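This report describes selected parts of one structure, moving from strands to helices, then to loops and a ligand. Please keep the sequence and the 3D view at hand while reading.

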Amino acid sequence: MKESRLYEKLKDSAVKCATCAHGCVIQDGKRGICGVRENRGGALYSLVYGRPISQAVDPIEKKPLFHFHPGTTAFSVATVGCNFHCLFCQNADISQMPRESGRILGRETSPEQLVKAAQQQRCRSIAYTYTEPTVFFDYTYDVALLARQEGIANVYVTNGYMTPEVLRAFAEAGGDHGSLLDAANVDLKAFSDEFYHHQCGARLQPVLDSLILMKEQGVWVEVTTLVIPELNDSTDELKSIAEFILHNLGAETPWHVSAFYPTYKLLDRPRTPVETLRRARQIGLEAGLRYVYEGNVPGSEGESTYCYNCGECLIKRFGYSIEHYGITESKCGQCGAQIDGIGI
Ligand code: SF4
């Protein structure tokens, strides 16, 4: 147990959590929506600090981050818990465990031990992923501080529902070297409050606000949308997402449009047809985005990186593997155009 960094004490021993946009007001002895923060005697504690449930070495492409140190590995870590309850969650067994059963499982691992494990595995980055890192923010913050000192990058794979205070804390701790968060893949799951409300138990606006703030802070941002038949696959909705990215985050921001498959509580929808992903990718490119990728369709042409200037295939991928790399010093090997990203 560790006291939360971001909360406010209220009267009668209640507290208000300031870690995510739910802003839970929690009475003594109760937990917040995520099920992993608990009020004990008028103070708020993280129940998952230093207790990861998953640790694995993944290609950075799996996050997915395609323009951030391509071809390197990320030491990936998660605790149980999430502040969303998406009906289509692919990791519901661990993300929903605290809410559904009240259980908090995990193996004790201090920030020092975690960073050491990442070093031993020669990982370029640590990715806070699989569940929602915002709910284990306090742990990610302490790990990220140490990782930065050791030259290891920090990556959030997130639903973007953190408060601005979380992002400011990372930025302030990073000081002149930039936010402790080097990169983030942020889900922009749809472009309507209705979808966020019914499918995830959340709202759209805080996600948009986080994306804009991350960009302002210099965090490398890539966006993912899981395209679900009849829920968020209309041309209008996909166009709205593409235009939001273009006008608020910039043409250089990669957009991953990924295929849904039936899982958890969303079992009455078919898999996303490949043609739908092609259409989504086309919408993004026509809107003016430079890099739009099809996800969960290994072998598709839409997995590869093309030069936005001359069309040359620069990074040929198959799933998470790189088969050909044609970028030199961040420039297209064919026409010399600057290719966007970090360590690319
Ligand atoms: S992290 Fe979010 S869901 Fe969890 S207690 Fe805090 S405000 Fe509530």
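## Strands, helices, loops and ligand

Strands S8 and S9 are paired in the parallel sense, with four bridges between them. The model is a predicted one. In this pairing, Ala 74 has Ser 125 in S9 as its bridge partner. S8 also pairs with strand S7 (residues 54-59): six bridges join S7 and S8, and these two strands run antiparallel. Here Ala 56 is the residue opposite Ser 76 in S8.

How many of the residues of strand S8 (residues 73-78) are buried? Six of its six residues are, and the strand is described as mostly covered. In a regular strand, side chains alternate between the two faces of the sheet. On one side of S8 the buried residues are Thr 73, Phe 75 and Val 77, and on the other they are Ala 74, Ser 76 and Ala 78, so both faces are covered.

Strand S9 (residues 125-128) contains Ile 126. Ile 126 counts as buried because it has 25 C-beta neighbours inside 10 Å; the cut-off for a buried residue is 20 or more. Phe 75 is 51 residues away from Ile 126 along the chain, but the C-alpha atoms of the two are separated by 4.6 Å. Apart from neighbours within four places in sequence, the contacts of Ile 126 include Ala 74, Phe 75 and Val 77. Ala 118, Val 143, Ala 147, Ile 152, Asn 154 and Val 155 are also in contact with Ile 126.

### Two helices

The next part concerns helices H8 and H9. The table lists the length and span of each.

| Helix | Number of residues | Distance between end C-alpha atoms | Expected span at 1.5 Å a residue |
|---|---|---|---|
| H8 | 15 residues | 20 Å | 21 Å |
| H9 | 14 residues | 20 Å | 20 Å |

For H8, the distance between the end C-alpha atoms agrees with the expected span. The buried residues of H8 are Leu 238, Ile 241, Ala 242, Ile 245 and Leu 249. Down the helix axis these buried residues fall within an arc of 95 degrees, so they line one face of H8. An α-helix has 3.6 residues a turn, so residues three or four places apart point the same way. The exposed residues Thr 235, Asp 236, His 247 and Asn 248 are carried on the face of H8 turned away from its buried side. The buried residues of H8 pack against helix H7 (205-216), S12, S13 and H9. After H8 comes Gly 250, which has a positive phi, near 105 degrees.

Helix H9 covers residues 274-287, and its reach is close to the expected one. Which residues of H9 are buried? They are Leu 277, Ala 280, Arg 281, Ile 283, Gly 284 and Ala 287. These residues are on the same side of H9, because they cover an arc of only 155 degrees around the axis. The face turned away from this buried side carries the exposed residues Glu 275 and Glu 286. What do the buried residues of H9 pack against? Their partners are strand S12 (220-227), helix H8 (235-249), strand S13 (255-259) and strand S14 (292-295). H9 is followed by Gly 288, and the phi of this glycine is positive, near 120 degrees.

### Backbone details in loops

Asp 12 is in the loop between strand S2 (7-9) and strand S3 (15-17). This residue is not a glycine, but its phi is positive, near 60 degrees. Asp 12 counts as exposed because it has 7 C-beta neighbours inside 10 Å.

Tyr 264, in the loop between S13 and H9, is another residue other than glycine with a positive phi, near 50 degrees. Tyr 264 is partly exposed, with 16 other C-beta atoms within 10 Å.

The loop between S7 and S8 holds Pro 64. The peptide bond that joins Lys 63 and Pro 64 is cis, with omega about -10 degrees.

### Around the ligand

Which residues are found around the ligand? They are Cys 17, Thr 19, Cys 20, His 22, Gly 23, Cys 24, Gly 32, Ile 33, Cys 34, Arg 37, Asn 83 and Val 135. Sorted by type, this shell has six nonpolar residues, five polar ones and one charged one.

Conventions
Residues are numbered from 1 along each chain as its sequence is written. This is a predicted model: local features need pLDDT of at least 70, side-chain atom pairs count only at pLDDT 80 or more; totals for chains, interfaces and linings use all residues. A residue is near a molecule or strand if its C-beta atom, placed from the backbone, lies within 6 Å of it. Ala, Val, Leu, Ile, Met, Phe, Trp, Tyr, Cys and Pro count as nonpolar, Asp, Glu, Lys and Arg as charged, and the others, Gly among them, as polar. The expected span of a helix is 1.5 Å times one less than its number of residues. A residue is buried if 20 or more other C-beta atoms lie within 10 Å of its own, exposed if 12 or fewer, and partly exposed in between; C-beta atoms are placed from the backbone. The arc is that of the directions from the helix axis to the C-beta atoms. Two residues are in contact if their C-beta atoms, placed from the backbone, lie within 7 Å. Two strands pair if DSSP finds at least two bridges between them.
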